[in-house]
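Dear colleague,

Please find below the structure for your review. A summary of the salt bridges follows it.

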Amino acid sequence: MHILFFILLLLAASQAEGFVPGTGDSTFDPKSLSINEDDFLGKIVPDITFTDENSNRFKLSDFSGKPLILSIIYYNCYQTCPVLNEGLSAALSKANLRLGQDYNVITLSFDHKEDVTLAAQFRKSLNIKMKGEVPGNFDKWIFAVSTEREIKALTESVGYRFFFSEQDKLFVHPNVYIFLSPERKITRYLFGLYPPAFDVKIALIESGRSKIGKFPIVGAVALACYKYDTKIRGYRLNLPLIFASVGFLLALLTGLIVFLFSRNLKKKKMAYTKPINFEGGSE
């Protein structure tokens, strides 16, 4: 019953909320679970410090220069957290972008009591579960933990709140992917599990250009018109593809004109070469 309540709550809110461990109070207003995107889009997140599953310490700025996807979860979660990362893995495996070169991904535990061992186990489980549906360079996907202070600074900066339900013995939190620009600016929130690969790719491309967006999205033509340039660390028009497309359309148009002209010419030629029936007109 408790689990059912939890699932219904997540479905209703689609987002989630703030943590007060040990309070014994699991009663809350579902509206408090939502993220008001307008309050946070365009803001720069703090340069927090964290530790990855191999005990390497990083700052968020170490991943500047490329768009970044943040997945904030906790590793002991037996509900949506694994699914959230499985959905992201499936989408990225189809996105035709290079992890570590075109973009970065950090999965960060919001539970400061979790350690790097749990982070490593979570990575291993994800890799096994999603075999064949993990992005290339999967080793570049960071699974991290951090201190309570650093987690608080980051989650508050992106409007991410969570809390622990003593009744259900689990954290309630948003199911969201947060996209950052190369300058750590919040550019987009994607809510829900198993996001479409197209939406993830577009969000990454737009984040690479520091473009802020709330709604999906742009067309396939726009997607095809840009590609990531490692020299300028940003996306630029894919001019060869655009020129090739224009050339193809011109060739197609020329072919159509030639076909119509030839057919018209053939009809006229046939009309002139038909024998004339002086008694009943032309045959």
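How many salt bridges does a search of the whole structure find? In this predicted model, the search finds eight. Three of the pairs are described here, among them two that link distant parts of the chain.

Glu-53 and Arg-123 form one of the salt bridges, with their closest N and O atoms 2.7 Å apart. Glu-53 lies in the loop between strand 1 and strand 2, whereas Arg-123 belongs to helix 3 (residues 116-129), so the pair links distant parts of the chain, 70 residues apart. Both partners are buried: the relative accessible area is 9% for Glu-53 and 13% for Arg-123.

Asp-47 pairs with Lys-59, and here the closest N and O atoms are 4.0 Å apart. This salt bridge also joins distant parts of the chain, twelve residues apart: Asp-47 sits in the loop between helix 1 (2-13) and strand 1 (49-52), and Lys-59 is in strand 2 (residues 57-59). Asp-47 is partly exposed, at a relative accessible area of 25%, and Lys-59 is likewise partly exposed, at 35%.

Where do Glu-156 and Lys-152 lie? Both are in helix 4 (residues 148-158); because they are four residues apart there, about one helical turn separates them. Their salt bridge has its closest N and O atoms 2.8 Å apart. Lys-152 is partly exposed, with a relative accessible area of 47%.

Yours sincerely

How values were computed
Residues are numbered from 1 along each chain as its sequence is written. This is a predicted model: local features need pLDDT of at least 70, side-chain atom pairs count only at pLDDT 80 or more; totals for chains, interfaces and linings use all residues. Side-chain values use heavy atoms; hydrogens and water are left out. A salt bridge is a side-chain nitrogen of Lys or Arg within 4 Å of a carboxyl oxygen of Asp or Glu. Buried means under 20% relative accessible area, exposed over 50%, partly exposed in between (1.4 Å probe, protein chains only).
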